[in-house]
There are 2 protein chains.
Amino acid sequence: MPIYDRHSMGHLPSAHASKDTIATFLASAHAVDVATWIEQLPVAERSQQLLDVDPGRRANVFGKMSLAAQTDLAGTVAAADLARIVTRMDADDRADLFNHLAPDDQKALMAELDEADRADIRRLSVHGDRSVGALMTSDYAVLAEDMTAKDALAALGRQAPDTETIYRSYVLDESRHLMGSIRLHELVLADDMTPVAALMEADPISASSDASREDVAHLIARYDLLALPVVDADGILLGIVTHDDAADAMQAEMTEDFQKISTVLPFSQNMRQASIRLLYSKRIVWLALLVFGNLFSGAGIAYFEETILAYVSLVFFLPLLIDSSGNAGAQSATLMVRALATGDVVLKDWRDLIGRELFIAAALGATMALVVFPLGIWRGGSDVALVVGMTMFLVVIIGSLVGMSLPFLLSRLKLDPATASGPLVTTISDALGVLIYFSIATTMLSL
Amino acid sequence: MPIYDRHSMGHLPSAHASKDTIATFLASAHAVDVATWIEQLPVAERSQQLLDVDPGRRANVFGKMSLAAQTDLAGTVAAADLARIVTRMDADDRADLFNHLAPDDQKALMAELDEADRADIRRLSVHGDRSVGALMTSDYAVLAEDMTAKDALAALGRQAPDTETIYRSYVLDESRHLMGSIRLHELVLADDMTPVAALMEADPISASSDASREDVAHLIARYDLLALPVVDADGILLGIVTHDDAADAMQAEMTEDFQKISTVLPFSQNMRQASIRLLYSKRIVWLALLVFGNLFSGAGIAYFEETILAYVSLVFFLPLLIDSSGNAGAQSATLMVRALATGDVVLKDWRDLIGRELFIAAALGATMALVVFPLGIWRGGSDVALVVGMTMFLVVIIGSLVGMSLPFLLSRLKLDPATASGPLVTTISDALGVLIYFSIATTMLSL
């Protein structure tokens with residue numbers, strides 16, 4: 001019995017595997033594993049291996065590949081072969097693929113499809129990458145209110161092979177208004193003649209078509225849904241989003257948050273496959289921009305050059321003070337970014353939270369001042385120790401407050417709170433830290 | 001029709017709502033929303049409102065509350081009332097609650113439960129918080145291989161009210177070995193007399209009981225599963241993990257990664273509810289520890305005091321250089337932490353990635369050197385510009401390499417790669433940066 005873990009996951013055949021081993025693998029392994037294996041092959045060999053997969057599961061394997069691999073393959077496979085695959089793909093996956101094809105490839109593909117598939121692709125592919133439309137599928141089962149449980153099960157039997165989820169069906173009136181939803185086991189357990197209207201859950205939870213993919217993922221997680229129906233302003237069912245696609249979208253959002261928080265511009269490619277050029281371009285922008293932010297710290301230092309010349313031991317503590325302020329700020333910023341992303345905290349909580357943050361930051365600052373005070377005595381005597389301790393107390397507080405406020409401010413400005421908040425906080429608190437440090441030094445050391 | 005979005009989510013009654021409004025809300029709102037509303041009330045009022053909920057849905061509402069709120073409530077509700085709720089809760093949720101109760105409350109609760117519930121709680125509650133055991137539920141439907149489809153549906157009809165998921169049932173032999181799994185719609189669509197053995201998927205994907213909750217969440221996401229069976233070393237079914245619990249576990253892991261990456265020790269409380277004391281204790285540890293890391297930078301500065309006194313304009317560039325190095329390092333570290341967490345990258349990829357990182361870092365360093373060179377000319381002339389440019393080139397490369405390697409190293413040492421990687425990278429690259437900067441300066445400015 002195959003007990004899976006993350007490391008043995010896949011049990012993929014090696015590059016030197018025999019033809020028989022590969023044939024067995026293509027025929028019997030999970031579609032996800034076959035897709036992973038084909039993606040690892042050199043580009044030139046991929047289309048042959050895909051065409052070696054049984055036509056019945058080829059679309060399924062293809063649909064499990066990354067969008068980048070799908071697009072590459074679409075360029076090397078004959079349009080007729082591609083069309084045969086696309087016809088059998090999940091509606092949402094093929095609309096995504098279509099959106100990523102070059103215009104010529106789109107045209108070639110459409111010419112090979114029948115009218116129903118063309119219309120479905122056109123309808124689903126008009127949505128932007130980030131909208132709920134891009135997650136939505138049209139493969140759902142539909143019932144009418146006046147069907148009996150027995151009729152409904154028969155109807156599901158006819159629709160089943162084409163639907164992505166059969167566990168929940170949607171009840172529509174003649175104009176396709178969403179009237180209710182019903183779970184398969186309620187139909188199975190019900191008396192044959194009970195009407196669907198009596199069994200269905202009326203007014204099910206639904207999302208509007210202008211919701212973001214993040215909103216939809218949150219709704220599905222909050223209410224533990226298998227699928228969420230999406231309706232237009234008139235309540236007409238446009239499609240459904242399934243839990244697995246929502247979970248993937250949530251993961252993608254999270255990866256973006258990690259990237260943004262560390263000043264990497266968002267990208268969706270797998271780290272192992274991303275090109276050097278791509279990674280360079282995603283990383284250089286903020287790195288270079290932050291240089292200009294740092295000029296403020298430099299200007300502060302230039303202004304206090306005489307203080308530095310008189311007490312050069314002050315420079316000893318400079319990295320320590322600005323890093324501590326930056327670390328405290330990064331802590332607050334990250335906690336806030338995450339709390340805003342999970343919905344634990346909303347914009348209006350800012351006022352309550354800033355008060356509490358002040359207490360926490362004061363406690364942190366006082367502790368840090370106590371830690372650094374003996375170091376000050378050791379390096380520069382009690383005067384320097386006092387300057388360093390006071391500075392530490394203040395910069396930890398200021399770093400924390402800046403760190404907590406910046407995500408709210410970005411959010412207020414309709415920007416993603418994760419955007420560069422870590423390094424922006426560091427840069428701002430650095431500049432303030434330099435000013436505070438040398439101002440206190442100049443005053444207290446009577447320079 | 002209620003179209004939900006994140007902001008209108010819940011439609012919770014206000015504090016001044018009439019009794020009728022609240023009664024309607026308790027009776028008809030989604031259990032998740034009722035739970036959220038009760039949690040927002042002052043602690044003293046919560047148990048009364050919970051007991052106002054219809055007994056039929058009380059356990060469901062209670063199960064949707066946070067573990068902290070459940071534990072608080074368990075202390076204020078009579079043991080007999082609590083037992084009535086616990087009897088109807090999902091098996092995994094109540095085992096979790098049990099683990100969080102004070103020993104006396106555990107004893108009082110157990111005394112009120114019947115033997116089957118006691119045994120179930122004992123069995124599920126032996127698992128640690130992080131193990132798959134803590135996610136596992138015993139509420140699944142069981143079939144035998146020699147049942148017909150008709151028998152199986154009848155058996156499901158009997159088991160249904162007690163199972164968390166009915167969409168997939170598990171086929172066991174007499175010793176409870178997991179033989180296969182079967183989807184409800186396959187039974188519904190099959191001929192009445194077809195045996196279960198012919199319909200089931202043999203050897204379904206399963207996890208071992210020593211898998212981590214992260215592993216299980218990854219398996220469920222990778223294979224788009226509704227539920228994952230967990231077996232012991234002999235292949236005996238211990239329980240199942242459902243997709244919604246796995247998604248919650250994944251979210252919790254992600255929040256932890258965000259905390260760790262910003263040097264906050266992990267905690268699971270909601271940011272708005274976490275106490276000042278808790279937040280202080282989670283944040284101070286790494287802040288204070290990193291002070292000692294920063295002493296290395298300080299020592300470097302002390303060693304080069306004469307260089308600084310001779311060219312005090314060098315201090316102008318110090319924050320800029322160490323921040324740039326730290327930012328580049330944080331970028332690499334975050335990308336790696338995330339790629340290791342999603343499984344995009346595994347330990348053995350280190351060798352390939354370090355080579356590529358060297359190229360990217362060199363390109364980033366060269367660009368940054370070009371950006372900073374004119375600033376060097378402006379502040380200190382061409383000599384200083386050359387020193388600053390060369391230093392920038394080197395520190396960006398070193399920061400990136402340290403940033404990329406540290407998560408691998410932590411992972412190698414069986415530590416979580418997210419642990420403090422951001423600030424640790426900053427601290428290490430700061431110290432190296434100071435050394436490089438002033439060494440180059442001392443050599444090139446012939447001091």
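In the predicted model, helix α2(B) meets helix α3(B) through B:Trp37, B:Ile38 and B:Glu39 on the α2(B) side and B:Arg46, B:Gln49 and B:Leu50 on the α3(B) side. By class, the residues of this contact comprise 3 nonpolar, 1 polar and 2 charged. Helix α2 spans residues 31-40 of chain B and helix α3 spans residues 43-52; their axes lie 8 Å apart and form an angle of about 150°. Angles over 145 degrees count as roughly antiparallel, and α2(B) and α3(B) are therefore roughly antiparallel to each other.

A second helix pair in chain B consists of α4 (residues 55-64) and α6 (residues 79-88), whose axes come within 8 Å and cross at roughly 80°. The crossing makes α4(B) roughly perpendicular to α6(B). From α4(B), the contact draws on B:Pro55, B:Gly56, B:Arg58, B:Ala59 and B:Phe62, which meet B:Leu82, B:Ile85 and B:Arg88 of α6(B). This contact contains 5 nonpolar, 1 polar and 2 charged residues.

Helices α15 (residues 276-303) and α19 (residues 421-444) of chain B pack with their axes 8 Å apart, at an angle of about 10°. That angle makes α15(B) roughly parallel to α19(B). The α15(B) face of the contact is formed by B:Trp286, B:Leu290, B:Gly293, B:Asn294, B:Phe296, B:Ser297, B:Gly300 and B:Ile301. Opposite them in α19(B) are B:Pro423, B:Leu424, B:Thr427, B:Asp430, B:Ala431, B:Val434, B:Leu435 and B:Phe438. The contact of α15(B) with α19(B) has 10 nonpolar residues, along with 5 polar and 1 charged. In general, residues three or four places apart in an α-helix point the same way, because there are 3.6 residues a turn.

Helix α19(B) itself has 24 residues. From its first C-alpha to its last, α19(B) reaches 33 Å, close to the 34 Å expected at 1.5 Å a residue. After α19(B) comes B:Ser446, with a positive phi near 40°.

At the level of whole chains, chain A is superposed on chain B by a rotation of 180° with 0.1 Å of shift along the axis, at an RMSD of 0.2 Å. This is the relation of a two-fold axis. Within chain A, A:Leu309 has the C-alpha nearest the axis, at 2.9 Å from it. Both copies use the same surface, as 100% of the contact residues of chain A recur in chain B.

The domain assignment divides chain A into domain 1 (19-126), domain 2 (140-252) and domain 3 (276-444). Taken over C-alpha atoms, the centres of domain 2 and domain 3 of chain A are separated by 50 Å.

Key. Residues numbered from 1 in each chain as written. Chains lettered and ligands numbered in written order. Predicted model: local features only at pLDDT ≥ 70, side-chain atom pairs only at ≥ 80, totals over all residues. Heavy atoms only, no water. Domains from an automatic or database assignment. Axes fitted to C-alpha atoms, helices over the stretch in contact; angles between N-to-C directions. Helix = DSSP H or I, 4+ residues; strand = E, 2+ residues; numbered from the N terminus. Parallel < 35°, antiparallel > 145°, perpendicular 65-115°, else oblique. Contact = heavy atoms within 4.5 Å. Nonpolar A, V, L, I, M, F, W, Y, C, P; charged D, E, K, R; others polar. Least-squares fit on C-alpha atoms with pLDDT ≥ 70 in both. Expected span 1.5 Å × (residues − 1).
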